[in-house]
Each structure stands twice: as C-alpha cells, then as structure tokens.
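Hi,

Here is the structure I promised to send over. Have a look at it first, then read my notes underneath and follow along on your screen.

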Amino acid sequence: MFIALAVGIGIRMLQQPDRPINPWQMGAVMALGIQVHMLSTLFMLLVLVWFALPAVFRAKRPVVMVLNGLLAAGLALLLSVNVWMPFLHVNMGNRLLRPFIELRGDIPADTLGFTWDGSHNLSLIAMALIVIAVAALVLRNQCQPRLDFTTQWTLLGGVLLVVAGSQLLPWRMIMKDADNWLSTFQFALRFGIPGLILIVFGLLLWLQQQPIAAKAGMQVAMVALGILAMGLLFTPMTDKMAAQSDLKTVVGLTAYTKPELTVKQLVADERRSDLSRLMADGTQNYPDYLPISKKTALSLTGKDWYTKRGLDQAYLHDIVLNRLPKMKQTVVDGQLHLTWQAKRATTVTLPVVKYAATTLSLNGQVLNNVKLSRIGAPIVKQQAGRNTLILSYQTPSWLPTTQYVTAISWGLLAFGAVVAQLRRFYKEKE
C-alpha cells in the first residue's frame, strides 16, 4: 500500500517540474513506511530514486528540488525516530545476524515464475499486464495517443524490476555471499511487488490519456480499476495457500512450524475449539537479528543457514527445542524470570538470548562476562535443585523519549495540514 503512495509521489516529480517534491507529503509517506515495514520502505526509496534520476534534470529549479528532498528526508527521520533510534541503539552494541538467505539453489521457489493459475507467484492477470506493458514500450511511437515520458518511465521501471525478480538473472550466484547487500531482500521475487505496482500505474496513466477518460465519472472508474488490478495481482497465491489440500506443504515449512509437527497433529489442532493449540504449531525457527560473535560474523556464508551445523539448527537446539526440567517462564515488572529444576550441578545452555544491554542474574548472583553460544544463548553452571534466572534489558533513559518526539511531530504535521487545507478552502471561496 505504501509502495503505491511512493509511486504516486514519484510520478508527481515528472509531471510537476515547477515543484517536483512536496517535502511534507514525501516525508510523511516515507515515515509511514518506516513505521510499518522497513523492507517495504527500502522498496519505496528505490522507487523514488528511479523517478528522481530524470526529474532532477527536468525540474525548473533542480537545486530547490534537491533541498526539498533533503527536507523530506529529515522530516521522515523525525516522524520515525521511535523506530530507527532504538534499532540504531541495538546495532551499535551488537553484531546482529541478518535474515536468512533463501536463494540457495532452489531457484524456481524464490524467483518470479509464470503459471496459468497463479500458483507460482504470478497469475495470468499479472502476465497479461506485463506483456501489455512491454508491448506499449516497444510500440510507444505507434500508440494512440503516443506514450509521454512519464508513462514510459513508469512502465520501464516496472518491467525492469519484474525482470530483476525473475530467473533471467543469475540469482544463485548473486546470493552465494552472505555479505552481499542484495541478500537483504532475501527473495528475488520481492522485486516483482514494486515492479507490478509500477506497471499498473503506468497503464493507468496511459488510460488517462485516452479520449474516453475525459467523460464524467471515468476518473473514479479508473481509480476503481487500479484498486481491482492491485487486488487481482496479489491474491491468487493467497487463495492457493488457503485452499491447499495437501497439508504436507504446510508441515514441510520447517522455518515456520514446530519440527516435530505431523499432518495428523495439524489436522487435529485445526478441528479443536481451542485455537491456541493450532497457534502453538507455528514457531519462528530462524535466528534473524540475534546477536552473534565477531568470529561468526566474519565467517558467514550463504550455507551457514542450511548445513547440519547451520545457524538455524543452532537456534532450534539452543532456543526452540531447549526445554529444561520443569521449566517455567514468567514476566515480572518487565523482567523475564526463568525457573527450572536440576538433579545435579552442571553446565547448561539457557533458552534465552543476551544482547549487549541485557543483564543476567542466576540464583541471586549477577553474571558478568558470561559465555555465549553462536547465537547469543548464555551458557551457565546450574546448581542442584531449583534454579532461577532473571533477565532484564537496560534501556537508556533517553530512549523512551523518542516516542513522545514522534507523537508530537505527527500532531504538529496534522495540525499544519488542517490549517493549510482551511486556508486553501477560504482562498478558493473568495
């Protein structure tokens, strides 16, 4: 949804050379993206850069455009300080494990594919729109009316992103290195999302230039058509999963279900009135964003997630499946209390994670310089009998204030928007 808003802002850059960037509008949209989903915001930024490349040369005052862009960036940071400041704080004190790299050789599952029923990422509708976009670009001079630059640039960006997310690129080789910045996207097929949105916008721009678009009600009809197109593009795969009769597919998703889950157990839990049992069948089995050692960080490769000694296996062993005798977990005053029983004093790995600002207290004694596993699980010596671990996180005193800064900033922006609209209304009335 927010990628679509970014495309609209990008189109404005090309259509309004007098004032290509409204800093308040762009800053608010990008801040919304940061508040909701950082990866989507990265795609939004990619879209804006695509439109800004030609827009800065077409702008009547390019210096003002650049300054407005910088103002928009500053506003976006101010409106999302409650998100990126804590993220920066955690990253400064820890080496965080990046999300797992999906492309490891099984290319068809992770790149854009074309099937008639849409069961492999792209439906017939999506394929038809892509073909129309390519045809329009090839025959741009023969089209009636002729495609303007904004429409061509929008369609071209969409087609290039769809190609980038397909099997036409050597993604197996690209994703081989875990330190490759492209591995941040995890799945190549994700490039198809902004790509298809750009194609829909480009085709709607073309339709707006048709003589029929000037008739009453056609603008509303085209907005409805655009919304319908978006829905038809991204629902076939969801419908396929919802109607999936072969539950082995679900059970086989070991990244998101309990390792010991069987089809029989899943079916039984689906039919229970207590849906908490069904919810418990799902679990996060990858150690994304956990703290790792410097040695582990320097030696990472794409294979570290999928070998017998991989980080996903370490997470299963240390956290997901690690259940100490009579273990109980409770939260008291923002602190995690972990209790368990032990028959004898020995060394154990605890199913919790220690970050740089995490403090640990075992049986009333503060643990300093505690040994950690590859994914940050503390390795301690338990005593015979009852053991109690208290885990807390030392949040800097200034960090909670970022929430107030964000709230006040959004309030001032909303107030300013209302005042601007009222002034515009009374000016038009006069």
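**Rings, helices and the whole chain**

Let's start with a trio: Trp50, Phe149 and Trp153 come together as one aromatic cluster. Before you go hunting for them, keep in mind that this is a predicted model.

How many aromatic pairs does the structure hold? There are 4 of them. One is made by Phe43 and Phe191, whose ring centres sit 5.7 Å apart with the planes at 90 degrees; planes over 60 degrees apart count as edge-to-face, so this pair is edge-to-face. Phe43 belongs to helix α3, while Phe191 is in the loop between α9 (171-174) and α10 (192-208), so the pair ties together parts that are 148 residues apart in sequence.

Are these two rings' residues buried or exposed? The cut-off for buried is a relative accessible area under 20%. Phe43 has 4%, so it is buried, and Phe191 has 7%, so it counts as buried too.

Now compare that with another pair, Phe425 and Tyr426. Their ring centres are 5.4 Å apart and the planes are at 70 degrees, so this one is edge-to-face as well. The surroundings are another story, though: Phe425 has a relative accessibility of 47% and counts as partly exposed, and Tyr426, at 48%, also counts as partly exposed.

Back to helix α3, because there is something else to see there. Helix α3 covers residues 38-58 and helix α4 covers residues 62-79; their axes come within 8 Å and cross at roughly 145 degrees. The crossing of α3 and α4 is right-handed. Which residues make the contact? From α3 you'll find Ala52, Ala55 and Val56, and from α4 there are Pro62, Met65 and Val66. Sort the residues of this contact by type and you get 6 nonpolar, no polar and no charged.

Finally, zoom out to the whole thing. The protein chain has 18 helices and 10 strands. Of its 430 residues, 42% are buried. If you take the contacts in the chain with a separation of 6 or more, 71% of them are between residues 24 or more positions apart. The accessible surface of the chain is about 24500 Å², and carbon and sulfur atoms account for 63% of that.

Cheers

Technical notes: Residues numbered from 1 in each chain as written. Predicted model: local features only at pLDDT ≥ 70, side-chain atom pairs only at ≥ 80, totals over all residues. Heavy atoms only, no water. Axes fitted to C-alpha atoms, helices over the stretch in contact; angles between N-to-C directions. Helix = DSSP H or I, 4+ residues; strand = E, 2+ residues; numbered from the N terminus. Left-handed = near helix turned anticlockwise from the far one by under 90°. Contact = heavy atoms within 4.5 Å. Nonpolar A, V, L, I, M, F, W, Y, C, P; charged D, E, K, R; others polar. Phe/Tyr/Trp six-rings, centres within 6.5 Å; stacked < 30°, edge-to-face > 60°. Buried < 20%, exposed > 50% of the residue type's maximum accessible area, 1.4 Å probe, protein only. Areas by Shrake-Rupley, 256 points an atom, 1.4 Å probe, with all protein chains shown as cover.
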